[in-house]
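Q: Please take one part of this structure and walk me through it closely. I am new to this, so explain each term as you go.

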Amino acid sequence: MMKKRILIISLLACLCGLGAKAQNVSDLIISEALAVPDSTGILDDYGARNGWIEILNTSQGTVTIGGCFLTDDKSNLKKSLIPKSDSRTQILPRQVMLFYASGNGAQGTFYTDFKVQKGSTVYLVSNDGRTIIDSLLVPANLPDGMSVAKFPVDAKQIKHATSAEPCVPTPRILNDSVDSKTKAQQMAEKDPHGFILTIVSVSVVFLSLAILWFLFTSLFKDKSKQTKKEAAPKKKASSKDAPMDDATALAIALALEMEQGGDDIAAIAMALHLHLTQSVHDAESFVVTFQQGNSSAWRNKQLNFRQLPR
């Protein structure tokens, strides 16, 4: 029974997992990086121009980057911590977040403890301090004022820029190739009125309800049967289950003889005889009902007269 419950709970957990995909830091990528800015570069909160690192959330859910690390040294994956106490570290779906590589992380949440160098590799490390989520190589011949970027076609297809094709910096703007289309855009072209999406959604809902009904029915079926068995009243012993023996019948007859006349005893004896031979089923077990009157067939002397033929 315990194994059956564990199996059902596991199936419920899997079913819930189908309904909602968990979003986590593994959905983040380093989408763009700039090493040396030029005079057209963006200014940070202190009015300075620094290199920067752009992080993209490729998923369809909000992801918190707080607690993760940025580094340019693979032997020191915890080089620059992104504070988890700042609520601004939540990246919305398909949005980007910019970190200034000023070399002084004490300047704020969005500043790193290292500068982006040409020829180096920038790493995004998970909040466990060991798992590298993504990396981006900054070409050694990258011109000043130009960036290196990834162009996400969708969540699983990333097109990397090469050193021969430096990019015009687009900080805080989603990098996208000209010919790329998101899955939502492709679906809008295939199903402009939303019929396919509606049918799929309704089917998933009804399938989920059917599975839940089956699981809950299987889980509580045995328990309800057991409860009914415990709650069922015990059957009273019937006359057939506990037949009256001769001694009991004799005791009843003697007791009645002391209280009643001979005619009553005869009637009771006849009733007991019918009862013991199971010729008559009386709904009121062990109860004999009779009514006394002024006259009785047993005392009718006319019945004792000899009938002579006429």
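A: Here is a close look at the open sheet, followed by its setting in the chain.

This is a predicted model, where local features need pLDDT of at least 70, side-chain atom pairs count only at pLDDT 80 or more, and totals for chains, interfaces and linings use all residues. Residues are numbered from 1 along each chain as its sequence is written, and side-chain values use heavy atoms, with hydrogens and water left out.

Start with the sheet. Four strands make it up, in the order E5-E4-E8-E9. The sheet is open, and its pairing is antiparallel. Strand E5 (80–81) and strand E9 (132–137) stand at the edges. Each has a single partner strand, so one side of each lacks a neighbour in the sheet. Strands here are DSSP runs of E with at least two residues; helices are runs of H or I with at least four residues; both are numbered from the N terminus. Two strands pair if DSSP finds at least two bridges between them. In general, strands of a sheet pair through backbone hydrogen bonds, either parallel or antiparallel.

Now zoom in on one pair. Strand E4 (residues 69–71) and strand E8 (residues 121–125) run antiparallel, joined by three bridges. Phe-69 of the chain faces Val-125 in E8.

Another antiparallel pair is E1 with strand E2 (residues 51–57), over six bridges. Leu-28 has Asn-57 in E2 as its bridge partner. Strand E1 (residues 28–34) is mostly covered, with seven of its seven residues buried. Buried means under 20% relative accessible area, exposed means over 50%, and partly exposed lies in between (1.4 Å probe, protein chains only).

Two cysteines show how the cut-off works. Cys-68 counts as buried because its relative accessibility is 0%. Cys-167 also counts as buried, because its value is 10%. The structure holds zero disulfides. A disulfide is counted when a pair of cysteine sulfur atoms lies within 2.5 Å.

Finally, step back to the whole chain. The secondary structure comes to five helices and eleven strands. Of the 310 residues, 30% are buried. The chain exposes about 21,200 Å², and carbon and sulfur atoms supply 58% of that area. Accessible areas come from the Shrake-Rupley method with a 1.4 Å probe; for residues, only the protein chains shown count as cover. Among contacts with a separation of 6 or more, 60% come from residues 24 or more positions apart. A contact means heavy atoms within 4.5 Å.
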